[in-house]
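Please read the following report alongside the sequence and the coordinates. It moves outward from one pairing of residues to the sheets, helices and enclosed space around it.

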Amino acid sequence: MRFGVIGTGRITRRLVADLQSTDGVTVSAIASRTAERARWFASQYGIAASVEGYQALIDREDVDAVYIALPPSMHTQWCVKAAEAGKHVLCEKPLATSLEQGDQMARACDQASVRWLDATGWLHHGRTIKMLDLVNAGLLGTPTHFTASVSFYRPFQSDEHRLDASLGGGCLLDLGWYAAGAACRFVGEAPQRVFADWQLENGVPIRTTAILWFNNNVTASVSCGYDTATRKWFEFAGSEASIICDDFTRPWADRPPRFWVHQAHGEVQSHEVADRQEQRMIRTLVGEESLADYNRHALATQGTLDALAASAASGRPVSLAPSPSPE
Ligand SMILES: NC(=O)c1ccc[n+]([C@@H]2O[C@H](COP(=O)([O-])OP(=O)(O)OC[C@H]3O[C@@H](n4cnc5c(N)ncnc54)[C@H](OP(=O)(O)O)[C@@H]3O)[C@@H](O)[C@H]2O)c1
């Protein structure tokens with residue numbers, strides 16, 4: 001599959017290398033708002049064609065799929081345009097800035113019969129799949145409480161999109177995507193009700209703290225922010241054991257991907273699972289397996305973030321509409 005890349009920011013550098021090192025995938029073109037930047041990026045990363053403007057990239061015949069690496073507020077527009085041109089879509093997280101937009105993206109891709117995935121690499125890591133298998137096999141006994149914290153400490157440059165409300169900035173969409181998304185993934189559904197509080201700067205949350213209530217008496221507490229040192233851990237606890245991972249979004253660079261199971265009587269088992277999450281994610285997109293489970297999860301996460309934002313803005317708990325039953 002031949003990918004065209006939209007945007008030349010920080011994450012693009014990493015993902016282009018991941019695309020180029022995945023079997024069966026090539027990167028044929030990259031687009032920027034400016035011709036010079038596209039040219040510079042193409043020459044640095046060995047991409048054959050550089051393109052000025054995003055639509056021109058989507059319209060190219062040598063592009064089968066588009067990787068969208070833009071600020072969150074631009075994801076919907078370019079995903080829909082790519083789908084309308086018959087291109088498959090790999091879209092950076094957060095999928096969108098609201099569930100309404102996420103639904104619009106999903107509909108456009110469905111109508112055009114193109115495949116789409118949010119670029120949430122950790123979901124595809126073999127370690128995540130093993131942890132989910134253990135949880136689903138009853139490792140925890142009766143699951144009770146999920147906790148996740150995802151943060152990093154700024155500073156940001158003055159033009160940082162994460163601090164710009166009009167570009168979909170703020171820690172809730174950026175990092176809550178991981179923390180609340182992990183709760184939904186491990187519990188297996190979106191919450192029924194949430195309560196959140198946030199601290200705003202220039203109209204964007206720089207810290208968010210939340211409680212989520214799920215079916216079956218499972219609760220979650222999640223925290224994310226730009227004012228705390230890097231954290232990317234979760235714990236999922238139950239009546240018999242808990243499972244803990246201290247770097248679930250992306251394994252620490254200098255350590256093997258690992259997690260721990262703490263039994264009720266104090267025994268601790270350590271597990272390691274080597275994998276390359278982005279390559280596996282890309283292979284999933286370009287393969288033939290159904291993406292329905294990943295797509296449902298992305299929309300459930302987006303709906304949860306909508307509810308968390310509504311709760312933080314109103315100071316009240318917010319109930320979520322029941323999600324449609326799986327096909
Ligand atoms: N999956 C991950 O691990 C991961 C990690 C980091 C970020 N992300 C996500 O990836 C997306 C991009 O993040 P990033 O950190 O790479 O952002 P970034 O460095 O700011 O790059 C964003 C790119 O978007 C384009 N753009 C178009 N209009 C823009 C505008 N008005 N302001 C700023 N940029 C604009 C620019 O490319 P041109 O000028 O070339 O057009 C820019 O290089 C976000 O959704 C973020 O959440 C994902």
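## A starting point in the mixed sheet

In this predicted model, Tyr153 stands opposite Asp227, a residue of strand β11. That pairing belongs to a longer contact between strands, since β7 (residues 143–153) and β11 (residues 227–238) are joined in the antiparallel sense over 9 bridges. Helix α8 packs on the sheet here, where it touches β7, β10 and β11, and its direction makes about 160 degrees with that of β7.

The open sheet to which these strands belong has 9 strands in the order β14-β13-β12-β11-β7-β10-β9-β8-β15, and its pairing is mixed. The edges are taken by β14 (268–272) and β15 (318–319), each of which has a single partner strand, so one side of each is left without a neighbour in the sheet.

## Strand β10 and its two partners

Strand β10 covers residues 219–225 and is mostly covered, with 5 of its 7 residues buried. On one hand it runs parallel to β7, to which 7 bridges join it, and His145 has Thr219 of β10 as its bridge partner. On the other hand, 7 bridges join β10 to β9 (residues 204–213) in an antiparallel arrangement, where Ala210 has Val222 as its bridge partner.

The connection between β9 and β10 is a hairpin with 5 residues between the two strands, and within the turn Asn216 has a positive phi of about 60 degrees.

## The enclosed space

How many cavities of 30 Å³ or more are counted in the model? The count comes to 1, and the largest cavity has a volume of about 40 Å³. Its lining includes Ala210 and Val222, the two residues already described as bridge partners across β9 and β10. The other lining residues are Leu172, Gly176, Ala179, Ala180, Thr208, Thr209, Ser223, Cys224 and Leu308.

Helix α8 (176–187) and strands β9 and β10 each supply at least two residues of this lining. In terms of residue class, the lining divides into 7 nonpolar and 4 polar residues, with no charged residue.

## Helix α10 and the loop before it

Helix α10 (residues 292–314) lies across β8 (193–201), β9 and β15, and it runs at about 65 degrees to β8. Ser311 lies in this helix, and at 0% relative accessibility it counts as buried, because the value falls under the 20% limit. Leaving aside neighbours within four places in sequence, Ser311 is in contact with Val194, Phe195 and Ala196, as well as with Arg316, Pro317 and Val318.

Is Glu289, by contrast of topic, buried or partly exposed? Glu289 is found in the loop between α9 (277–286) and α10, and it is partly exposed, with a relative accessible area of 46%. Leaving aside neighbours within four places in sequence, Glu289 is in contact with Arg115, Thr284 and Tyr294. The C-alpha atoms of Glu289 and Asn202 are separated by 43 Å, and these two residues are 87 residues apart along the chain.

## The parallel sheet

A further open sheet is formed by 6 strands in the order β3-β2-β1-β4-β5-β6, with parallel pairing. Its edge strands are β3 (49–52) and β6 (116–118), each of which pairs on one side only. Neighbouring strands of this sheet are turned by 20 degrees against each other on average, when direction is ignored.

Within this sheet, β4 and β5 run parallel and are joined by 4 bridges, and the bridge partner of Ala65 in β5 is His88.

## Helix α4 and its surroundings

Strands β4 and β5 also matter to the description of helix α4, as both are among the elements that cover its buried residues. Helix α4 (residues 75–84) has 7 of its 10 residues buried, so it is largely enclosed by the rest of the structure. The buried residues are His75, Thr76, Trp78, Cys79, Val80, Ala82 and Ala83.

What covers these buried residues includes α3 (54–58) and α5 (99–111), together with β4 (65–68) and β5 (88–91). Just after α4, Gly86 takes a positive phi of about 80 degrees.

Definitions and conventions:
Residues are numbered from 1 along each chain as its sequence is written. This is a predicted model: local features need pLDDT of at least 70, side-chain atom pairs count only at pLDDT 80 or more; totals for chains, interfaces and linings use all residues. Side-chain values use heavy atoms; hydrogens and water are left out. Buried means under 20% relative accessible area, exposed over 50%, partly exposed in between (1.4 Å probe, protein chains only). Two strands pair if DSSP finds at least two bridges between them. On a 1 Å grid over the protein atoms alone, a cavity is a set of points where a 1.4 Å probe fits but cannot get out, and a pocket is an open set with protein on both sides within 12 Å along at least five of seven lines; lining residues have an atom within 4 Å of a point. Grid points are joined across faces, edges and corners, and a volume is the space filled by probe spheres set on the points. Ala, Val, Leu, Ile, Met, Phe, Trp, Tyr, Cys and Pro count as nonpolar, Asp, Glu, Lys and Arg as charged, and the others, Gly among them, as polar. Contact means heavy atoms within 4.5 Å. Axes are lines fitted to C-alpha atoms, for helices over the stretch in contact, and angles run from 0 to 180 degrees between N-to-C directions.
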